[in-house]
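The following exercises are to be worked with the sequence and the coordinates at hand. Please attempt each task before reading its solution.

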Amino acid sequence: MLETVLIYYDARMLGHDPTGWDTEHPEWSDAVKAMIAHQYPEASLETYAYPERPARLTAIVERLQAEPVDGQCWRVPALATHAQLERAHSAAHLEYIESLVGGSRWLAQDTTAVSPESVVAARLAAGAGIGAIEAITTGEGRHAFCIVRPPGHHASSDHARGFCLYNNIAVAAMHARAVLGYGRVMIWDWDMHHGDGTQDIFYDQPDVLVVDSHCEAPFYPGTGTLAETGTGGGLGYHLNVPFPRGSGNAALLDVFEQVVRPAARAFRPELILISAGFDCHYLDQTCVMDETGFAVLAQHMCALAHEVCDDRLVMMLEGGYNAQALSDSAHATIRALAGNTIPGINVLPEDPGRAAVAEVARFHADTIAALGQRPVASSEASGSPRG
Ligand SMILES: [Zn+2]
């Protein structure tokens with residue numbers, strides 16, 4: 001039987017539309033140009049446009065309108081409130097972002113800029129995750145996909161960076177913990193870039209387990225090494241899985257089988273969230289995954305969520321900059337979330353990521369085993385999520 005998939009989207013997120021180079025900080029423009037020249041040597045800097053652009057979302061939405069997935073159910077997110085954002089961000093950061101309403105400017109040399117409508121878009125993006133978790137908690141559906149921008153996983157508690165203003169998935173996870181009664185939340189960030197902001201926010205927390213698979217440093221943002229496993233009470237609750245450029249679907253599937261699934265079985269989350277960036281797609285020119293891989297991963301995550309957390313699974317879009325790749329990948333992922341049969345997965349004859357992932361799994365084996373020895377607090381044992 002097909003599954004309802006709640007799709008969160010609001011066209012006001014298209015209002016986030018920075019254009020042009022920064023005139024106040026020519027050195028930032030130069031840094032961005034150097035980064036683009038390095039990552040995409042064939043790109044034309046003369047015709048450069050902000051890569052995190054409205055067409056990323058319209059490509060996905062128009063595809064879902066042209067080829068609807070049985071079970072897709074559109075929802076409009078509410079704006080995240082100050083109190084909701086404050087759980088993941090400092091007061092100073094919130095004040096700074098609010099001060100940008102109505103203006104246009106660049107915020108950092110790593111390609112982060114705003115236009116007059118950007119802050120509204122960012123509040124909707126953060127609100128989408130909250131709405132999705134509330135809806136699956138009350139049983140309106142079991143799976144949700146949030147088509148949002150700006151993305152969130154590079155935003156730390158007090159910094160906007162890497163296209164991100166608020167950390168959408170962190171705000172959502174914090175809401176689940178603080179308001180909806182979830183004791184343990186697991187996040188898998190499968191975006192190609194390390195989610196340094198998500199790591200920053202949850203690094204000392206044992207109640208949110210983060211697995212982050214990404215293209216290894218020095219690729220942007222240059223963090224996410226194996227040794228970064230958390231601090232203080234959060235030590236052992238952050239598992240980075242770096243892999244080399246050129247990794248394909250088989251490597252990502254290995255991440256699931258060798259790290260994500262055993263970690264989930266040991267940690268026993270009550271809710272699973274995914275930072276679903278699609279920039280590992282081969283059309284984004286660094287790794288060589290494709291929509292067949294994302295569909296199989298989504299299918300496996302549905303099975304895992306069924307096994308460990310009563311099916312509760314929410315995905316939030318992060319990166320992915322090729323419109324065709326976004327359209328194909330999001331559509332295939334949502335089809336899988338709805339329970340459709342997956343046609344099969346494309347794999348390389350030799351995937352350079354597989355050996356790296358196997359080594360990572362060996363490195364994290366003891367840490368993953370220790371997740372299973374964590375005592376469940378009595379308040380967690382007695383308090384099931386409100387629904
Ligand atoms: Zn990314």
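The exercises below concern a predicted model.

**Exercise 1. Strand β10 and its partners**

Determine which strands pair with β10 and in which sense.

Solution.
Step 1. Locate β10 at residues 313–317.
Step 2. Consider β5, residues 143–146: 4 bridges join this strand to β10, and the two run parallel. Within this pairing, C146 stands opposite M316.
Step 3. Consider β9, residues 271–276, which pairs with β10 over 5 bridges, also in the parallel sense. Here I272 is the residue opposite L313.
Step 4. Trace the chain from β9 to β10: together with helix α9 (residues 291–308), these strands make a β-α-β unit that is right-handed.

**Exercise 2. Burial of β10 and the nonpolar core**

State whether the residues of β10 are buried or exposed, and to which side each one points.

Solution.
Step 1. Sort the residues by direction: L313, M315 and L317 point one way, while V314 and M316 point the other way.
Step 2. Apply the criterion that a buried residue has 20 or more other C-beta atoms within 10 Å of its own. By it, 5 of the 5 residues of β10 are buried.
Step 3. Turn to the largest nonpolar core, which has 116 residues. Those with the most contacts inside this core are C146, I147, V171, A173, A263 and L273.
Step 4. Examine I147 among these: leaving out residues up to four places away in sequence, I147 touches I7, Y8, Y9, L57, I60, V61, L317 and A330. L317 of β10 is thus one of the contacts of I147.
Step 5. Set this against the general pattern: in soluble globular proteins, nonpolar side chains tend to be buried together.

**Exercise 3. Uncommon backbone geometry**

Identify which peptide bonds are cis and which residues other than glycine have a positive phi, among the cases treated here.

Solution.
Step 1. Recall the expectation: most residues other than glycine have a negative phi, and most peptide bonds are trans.
Step 2. Inspect the loop between β7 (208–215) and β8 (238–243), where P218 lies. The bond from A217 to P218 is cis, with omega near 15 degrees.
Step 3. P221 is found in the loop between β7 and β8 as well. The bond from Y220 to P221 is cis, with omega near 0 degrees.
Step 4. Proceed to the loop between β9 and α9, the place of Q285. Its phi is positive, about 70 degrees. Q285 counts as partly exposed because it has 17 C-beta neighbours inside 10 Å.
Step 5. Finish with D310, in the loop between α9 and β10. Phi of D310 is positive, near 50 degrees. With 16 other C-beta atoms within 10 Å, D310 is therefore partly exposed.

Notes: Residues are numbered from 1 along each chain as its sequence is written. This is a predicted model: local features need pLDDT of at least 70, side-chain atom pairs count only at pLDDT 80 or more; totals for chains, interfaces and linings use all residues. A nonpolar core is a set of buried Ala, Val, Leu, Ile, Met, Phe, Trp, Tyr and Cys residues joined through C-beta atoms within 7 Å. A residue is buried if 20 or more other C-beta atoms lie within 10 Å of its own, exposed if 12 or fewer, and partly exposed in between; C-beta atoms are placed from the backbone. Two residues are in contact if their C-beta atoms, placed from the backbone, lie within 7 Å. Two strands pair if DSSP finds at least two bridges between them. A crossover is right-handed if, with the strands pointing away from the viewer, the path from the first strand over the helix to the second runs clockwise.
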